[in-house]
Amino acid sequence: MYGRDPWGGPLEINTTDSATDDDRSRNLQDLDRAALSRPLDETQQSWLLGPTEQKKKKKYVDLGCIIVSRKIFVWTVGTLLVSGFLAGFITLIVKTVPRHHHRHAPPDNYTLALHKALMFFNAQRSGKLPKHNNVSWRGNSGLQDGKSDPSVLMKDLVGGYYDAGDAIKFNFPKSFALTMLSWSVIEYSAKYEAAGELNHVKEIIKWGTDYLLKTFNNTADTIDRIAAQVGVGDTSGGSTPNDHYCWMRPEDIDYPRPVYECHSCSDLAAEMAAALASASIVFKDSKAYSQKLVHGAQTLFKFARDQRGRYSAGGSDAAIFYNSSSYWDEFVWGGSWLYFATGNSSFLQLATHPKLAKHAGAFWGGPDYGVLSWDNKLPAAQVLLSRLRLFLSPGYPYEEILSTFHNQTSIIMCSFLPVFTSFNRTKGGLIQLNHGRPQPLQYVVNAAFLAAVYSDYLDAADTPGWYCGPNFYSTDVLREFSKTQIDYILGKNPRKMSYVVGFGNHYPKHVHHRGASIPKNNVKYSCKGGWKWRDTTKPNLNTLMGAMVAGPDKHDGFRDVRTNYNYTEPTLAGNAGLVAALVALSGDGSAGIDKNTIFSAVPPMFPTPPPPPAPWKP
């Protein structure tokens with residue numbers, strides 16, 4: 001008979017064996033010893049050992065799928081519990097302790113000044129003001145402009161901007177200011193956006209272009225007149241009330257405001273065309289308005305070409321304040337912007353025509369060569385067309401003049417550097433672009449913008465610099481020139497005075513400006529009644545925020561006197577150049593120009609190559 005041996009082997013029991021009990025006992029003991037000679041597992045040992053002895057021997061823990069040492073198991077579980085407790089404790093501390101957020105770097109001075117410089121345009125608005133104009137001492141004004149003059153064709157001339165400290169609306173410098181603002185938005189929209197001012201500056205531009213569209217028949221293809229000016233500034237006629245003789249708030253004006261129409265004004269029409277064409281690129285996402293601006297620009301440019309003449313000729317009122325020296329530079333300037341706005345190559349052919357360049361003064365020097373102003377647009381046109389050559393390189397038949405303009409732009413940039421003697425500098429470092437004549441800052445800010453934007457063009461074209469004769473200068477030199485000039489205007493000058501109202505702690509308090517000097521107290525001061533506010537030595541009652549005054553003299557001297565407009569009067573054209581320069585210099589330097597937006601309407605320079613031939617088949 002065979003039985004199952006619990007120790008792992010067969011157990012044979014012979015039932016027929018008649019051995020005695022003692023023999024059987026001895027045989028079993030032999031079998032037990034044989035079985036115990038084999039190693040026993042833990043379960044088998046537990047059958048044999050008593051409870052006390054089993055407890056002493058149990059050094060392992062059976063986890064079902066694995067058996068581990070009890071000591072390791074205890075240490076592991078303990079470590080996990082302690083770690084969990086510490087993690088929870090640390091998390092509790094982190095959540096209860098106040099957090100210190102990293103603050104963004106404060107805005108740079110150029111961005112801070114930009115906010116203020118744009119506010120000047122809000123203070124200069126004419127017409128029915130929007131609710132968000134944010135200049136508490138201004139109100140609706142000029143609501144009868146155009147309607148009160150029966151001799152003019154355009155009856156609705158409400159709106160636009162007053163030029164300076166008076167209430168005259170000059171289209172010529174205003175159009176230049178709008179073109180400069182649009183150019184700066186096209187190049188630096190990302191910087192305006194970062195500063196939170198993109199919508200604001202676009203609103204400023206649109207307020208101006210809406211008015212320009214009122215000054216001619218913008219729905220026609222051909223026109224014969226433009227309303228060039230509203231208001232009169234000539235005081236040679238004696239005591240006749242007008243915008244210069246009287247010192248009144250614009251809201252209180254009750255004297256006649258005549259309108260000047262021009263029928264032969266190529267310079268004005270071409271500059272207005274530049275303003276509308278450049279603005280059409282700014283508003284390219286508003287298709288209907290952009291097309292309206294383009295159509296108006298083309299109508300104006302055609303009028304400029306058909307009816308030749310200077311708008312300020314013949315001793316007009318404008319000749320006293322904004323006399324135009326020629327219209328050839330406006331042809332180059334306006335033609336360039338119309339090319340970018342339409343992509344029509346005929347405008348580029350005109351802008352790069354050698355005879356036009358010659359008439360515009362591109363091939364002769366002179367003391368004012370390279371000085372951008374409301375009168376001379378050639379330096380800006382040369383920079384703008386150099387941009388075209390740098391990025392699109394249209395080649396023949398434009399290359400000859402484009403190359404010339406590019407070289408001349410390099411020469412202009414060289415003239416801005418201190419190592420050259422084209423222009424003197426004051427002891428404080430201000431470049432004398434108008435050779436010591438009054439009101440220098442409007443020319444300085446324009447040069448600062450040209451230098452900054454041209455350096456950004458070179459950087460975007462992966463060009464590290466440019467040559468002045470045999471010497472190579474990096475783009476950093478141009479940017480440094482721009483910064484030193486703008487820094488001077490913002491307060492780094494011998495007088496430690498900021499020439500931008502509201503910027504810094506020390507700035508002009510007696511700005512030559514009617515609205516800023518007269519209180520808004522429900523009292524209407526008459527034409528001569530306001531003279532007491534003009535002549536008082538007390539500071540202006542209202543702050544003309546962001547206004548850049550005319551500036552210091554050639555000795556860094558400045559007289560903060562309201563009656564001396566050569567020191568203390570701001571202008572639209574001057575502030576537009578300031579805004580353009582400030583936005584070009586603002587930010588941390590990581591954002592450059594927008595290379596492509598200006599070319600949105602420009603077709604490919606070369607025809608698309610034909611498709612490859614079909615594969616040959618036998």
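**Notes on a predicted model: helix pairs, strands and a few local oddities**

1. Start with helix α7 (residues 198-214) and helix α8 (residues 266-282): their axes cross at roughly 135° and come within 10 Å. An angle like that makes α7 oblique to α8. As for handedness, α7 passes α8 in a left-handed crossing. Bear in mind while you look around that this is a predicted model.

2. Which residues make the contact between α7 and α8? On the α7 side you'll find K202, I205, T209, L212 and L213, and on the α8 side M272, A275, L276, A279 and V282. Sorted by class, the contact of α7 with α8 has 8 nonpolar residues, 1 polar and 1 charged.

3. Another helix pair to pull up is α9 (residues 287-306) with α11 (residues 328-342). Here the axes are 11 Å apart and the packing angle is about 150°. Angles over 145 degrees count as roughly antiparallel, and α9 and α11 are therefore roughly antiparallel to each other. Their crossing is left-handed.

4. The α9 side of that contact consists of V294, A297, Q298, F301, A304 and R305, while α11 brings E330, F331, G334, G335, L338, A341 and T342. In the contact of α9 with α11, 7 residues are nonpolar, 4 are polar and 2 are charged.

5. Now for some strands. An open sheet is built from 3 strands in the order β5-β6-β7, with antiparallel pairing. β5 (169-170) and β7 (259-262) stand at the edges with a single partner strand each, so each has one side without a neighbour in the sheet. Strand β6 (residues 226-230) runs antiparallel to β7 and is joined to β7 by 4 bridges. If you want a landmark, find V230, which stands opposite V259 in β7.

6. There's also a hairpin to look at. Strand β8 (residues 465-468) pairs with strand β9 (residues 471-474) in the antiparallel sense, over 4 bridges. C468 has N471 in β9 as its bridge partner. The hairpin has 2 residues between its strands, and G469 takes a positive phi near 65°.

7. How many disulfides does the count come to? The count is 3. One disulfide joins C246 to C527, with an S to S distance of 2.0 Å. What parts does this pair tie together? C246 sits in the loop between β6 and β7, and C527 in the loop between α18 (514-517) and α19 (531-535), so the link ties together parts that are 281 residues apart in sequence. The torsion about the S-S bond of C246 and C527 is about -90°, so this disulfide is left-handed.

8. Finally, a couple of backbone details. Most residues other than glycine have a negative phi, and most peptide bonds are trans. N134 has a positive phi of about 65° even though it is not a glycine. You'll find N134 in the loop between α5 (109-123) and β5. The peptide bond from Y396 to P397 is cis, with omega near 5°. P397 lies in the loop between α14 (378-391) and α15 (399-415).

Definitions and conventions:
Residues are numbered from 1 along each chain as its sequence is written. This is a predicted model: local features need pLDDT of at least 70, side-chain atom pairs count only at pLDDT 80 or more; totals for chains, interfaces and linings use all residues. Side-chain values use heavy atoms; hydrogens and water are left out. Axes are lines fitted to C-alpha atoms, for helices over the stretch in contact, and angles run from 0 to 180 degrees between N-to-C directions. Angles under 35 degrees count as roughly parallel, over 145 as roughly antiparallel, 65 to 115 as roughly perpendicular and the rest as oblique. A crossing is left-handed if the near helix is turned anticlockwise from the far one by less than a right angle, and right-handed if clockwise. Contact means heavy atoms within 4.5 Å. Ala, Val, Leu, Ile, Met, Phe, Trp, Tyr, Cys and Pro count as nonpolar, Asp, Glu, Lys and Arg as charged, and the others, Gly among them, as polar. Two strands pair if DSSP finds at least two bridges between them. A disulfide is a pair of cysteine sulfur atoms within 2.5 Å.
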